[in-house]
Structure formats: C-alpha cells, structure tokens
Amino acid sequence: MTIKYYNWANGVVYYKIDGGEEQEIPIDSVLINNESPTSATPTTITLSAGQKVEFYGNNPVNGNGSWNDHPVVKCTGACYVYGNFMSLVYKQNYATAVTLTGIYAFSKFFYGNEGLRNKSDEIICLPATTLTKNCYKQMFDGCSSITSAPALPATTMAENCYMSMFSRCSLTSAPVLPATTLAESCYEDMFYSCDFTDAPALPATTLAEDCYKEMFRRCASLSNAPTLPATTLANSCYEGMFIGCSSLQRAPDLPAPTLVNGCYCDMFQNCSSLNYIKCLATNMSASYCTKDWIFGVSSAGTFVKAAGANWDAITTEYYGIPSGWTVQTAP
C-alpha cells in the first residue's frame, strides 16, 4: 500500500519506517481551495504488509489558519492507526504536551480513509486539553472502519472543535465528553451515522449557539439519550440533535421554561420509535423553536407538558404535540 502525506502545515514533518533512517516531508508548495487534493504534490510512502511508519515534527501551529492549510493523510489500503498525535506538534516533548495553538490543526487529517482501523492492543491518543477553532473538525470523517474513539479530555471547547469528527465512522461506543464550557458548533454532527446505543453524558448547563446541532444524526442504534440539564438555551442549540435516531423511544427531559430561536427545530424528526416526550416549556414564542421537531415520530405516545403551557396555540402541524398522543400535565 501507499500513504500519501500532504504537508499543508507550517513546518517540516519527519518520518521513519520500522525505526530506520529519518526522512523529511517538506511543506507542500501547492495549497488548493477545494476538498480534492488532486493538484497538490504529496510525499508518497510505500509500505509492505507488517511495516510501520512513524510521523513526528516540531510544528506548534500545525496549521496556517485556513481550512486547507494543515496536514492530510491518504492511505490506499487497510492500515492501523495508533499513537500520540502530539508527536506532530512537539517533536521532543510530545509525551507531556496538552496544548494546541493552531486552528484547523488536525482538521480532515484522515478524511475518507475507509481502510483506517483501530489496533486492538494500541490506542489513538489525543491528549490536548487546550483546543483551538476547528482543531479536530472532520478528523476521521468517512473512516468507516474506525470502531473506537480516542479519549477526549478537554473540559473547555473551541468553536467547531469536534464538528463531524467521527461522522460516518462505525463507533460502537461513544467517548466520554466531560466539557462544561461549550462553544459555537463544538459538537455539531460529531457522531453522524455511528453505531452505538448509549449516548455520552453531556454535563454542560450553559450552552452555545448550535452546540449540539445534529450531534447524533442518523445514529439508528441509539436507544439511550443523554440527560440535557440546561434550563437556559442558546439559538439552535439542539437543532436536529436526534434526526433519524429510529431506535430512540424516550426523549431526554426538556426542562427549559423559555425556548429560543431554533432551539428544538427538527430535534426528533424521523425518530420513528419515539413515544415519550417531557417538555416543560411555557414560552414557545421564539422563531422556529419547535419547527418540525416531532415530524415522523410514533403515531402513539405520551407527552408531558408544564402546567400553564398553551400548546393549543401552536396550530402548525409538527410544531406542537404529536397528534394522537396522550397529554399529561407535570405535577
């Protein structure tokens, strides 16, 4: 097989095959403005079955500030990926490094590598606790043979930091997500079409715009949703969060009394097994706050509402309480 390394970063990257002679990957002089790097000039590394290649560099930025100025790796066959990715950022001291400084640092690093897979006795290590805008955006997007996610220890998010990170992967379990300080679109589309049944805990009580937008879209096996403890919402914070989660029967309780623009828009669209929603909102006047939120749910179920909530004032189909459901009032 071959590995093509597009060094669209800010410094030289080095590699060794089976611990042999150190070789250089120079900075690519062609930076193109599209997603298909056909005009670029990668360094091509040819490997035989069983060989190992190690990459490292001293590139604290590891990205020049735009979506295409960062490293990209393309593999032509099946290969295992493991090790500490900070070796590409801090050549000497990567073992203790936890800070990213460059935006788009590992964005789309393995995008579309269908043969990429986990090694059973080794882990992928992404230890950074200081993140940057877009740092892991689409890092493993389309890597359909990846089944296990690395630990993600950061407690403070950055804009788009995990956006589509594992989209179209085959994760059988979700990583722990300890963050309590969120940022715009930080988890947007993170797990699109993954295979796990249990969602990770989401402990944040202060939200950000689009923070959980389409986070579990088309996770058809998801049957246990996370608790959503926030009582103050942000625009489009849960928009489309569970679209197409066809195994989900019970929605997470929704305790917020006042809805905001787009907050529940499309939230449970096409959750065909969903038969229980508890929503304690009493102010549903914000624009598109419940637009199509129950489109395609089960034809029968239970809806628990807050005392004094006037859902009857919502006359647009799929914006209110599912037709045919039993309505109860919360004590």
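This is a conversation about a predicted protein model and the reasoning behind the words used for it.

Visitor: What makes this an all-strand listing, and how many helices and strands are there?
Guide: The count is zero helices and 13 strands. Read from the N terminus, the elements run β-β-β-β-β-β-β-β-β-β-β-β-β.

Visitor: Why is the protein called as compact as a globular protein of its length?
Guide: The radius of gyration is 22 Å, and the globule rule gives 20 Å for 331 residues; the two values are close, so the protein is as compact as a globular protein of that length. For the extents, the C-alpha atoms fill a box of roughly 75 × 35 × 35 Å along the principal axes.

Visitor: What do the overall contact and surface figures say?
Guide: Take contacts between residues at least 6 apart in sequence: 79% of them join residues at least 24 apart. Buried residues make up 53% of the 331 residues. The accessible surface comes to about 13900 Å², with 45% of it belonging to carbon and sulfur atoms.

Visitor: How many positive and negative side chains are there, and how far apart do the centres of the two sets lie?
Guide: There are 18 positive and 27 negative side chains. The centres of these two sets lie 2 Å apart.

Visitor: How do you know that Cys237 is in no disulfide?
Guide: A search of the whole structure finds zero disulfides. For Cys237, the nearest cysteine sulfur is that of Cys211, 5.5 Å away. A disulfide needs the two sulfur atoms within 2.5 Å, so this pair does not qualify.

Visitor: And what about Cys245, how far is its sulfur from the closest cysteine sulfur?
Guide: The closest one is in Cys271, at 5.2 Å, which is too far for a bond.

Visitor: Why are Cys237 and Cys245 called buried?
Guide: The word applies under 20% relative accessible area. Cys237 has 0%, so it is buried. Cys245 also has a value of 0%, and therefore counts as buried.

Visitor: Why is Val12 called partly exposed?
Guide: Its relative accessibility is 27%, which falls between the 20% and 50% cut-offs, so Val12 counts as partly exposed. Val12 lies in the loop between strand S1 (2-6) and strand S2 (13-17).

Visitor: Which residues is Val12 in contact with, apart from its neighbours within four places in sequence?
Guide: Val12 is in contact with Asn7, Glu24, Ile25, Ile27, Gly57, Asn58 and Asn59. Pro26 is 14 residues away along the chain, and its C-alpha is separated from that of Val12 by 5.0 Å.

Visitor: What makes Ile103 partly exposed, and where is it?
Guide: At 29%, Ile103 sits between the same two cut-offs of 20% and 50%, so it counts as partly exposed. Ile103 is in the loop between strand S8 (83-84) and strand S9 (116-118). From Ile103 to Asn134 is 31 residues in sequence, yet 5.8 Å in space, C-alpha to C-alpha.

Visitor: Why is the phi of Ser185 worth a remark?
Guide: Most residues other than glycine have a negative phi. Ser185 is not a glycine, and its phi is positive, about 60°. Asp189, likewise not a glycine, has a positive phi of about 60°.

Visitor: Where do Ser185 and Asp189 lie, and are they buried or exposed?
Guide: Ser185 lies in the loop between strand S10 (124-125) and strand S11 (276-279), and Asp189 is found in the loop between S10 and S11. With 5% relative accessibility, under the 20% limit, Ser185 counts as buried. Asp189 has 11%, also under 20%, so Asp189 is buried.

Key: Residues are numbered from 1 along each chain as its sequence is written. This is a predicted model: local features need pLDDT of at least 70, side-chain atom pairs count only at pLDDT 80 or more; totals for chains, interfaces and linings use all residues. Side-chain values use heavy atoms; hydrogens and water are left out. Helices (H or I, at least four residues) and strands (E, at least two) are DSSP runs, numbered from the N terminus. The radius of gyration is taken over C-alpha atoms; the globule rule is 2.2 Å times the number of residues to the power 0.38. Buried means under 20% relative accessible area, exposed over 50%, partly exposed in between (1.4 Å probe, protein chains only). Contact means heavy atoms within 4.5 Å. Accessible areas come from the Shrake-Rupley method with a 1.4 Å probe; for residues, only the protein chains shown count as cover. Lys and Arg count as positive and Asp and Glu as negative; His and the chain ends are not counted. The place of a charge is taken as NZ of Lys, CZ of Arg, CG of Asp or CD of Glu.
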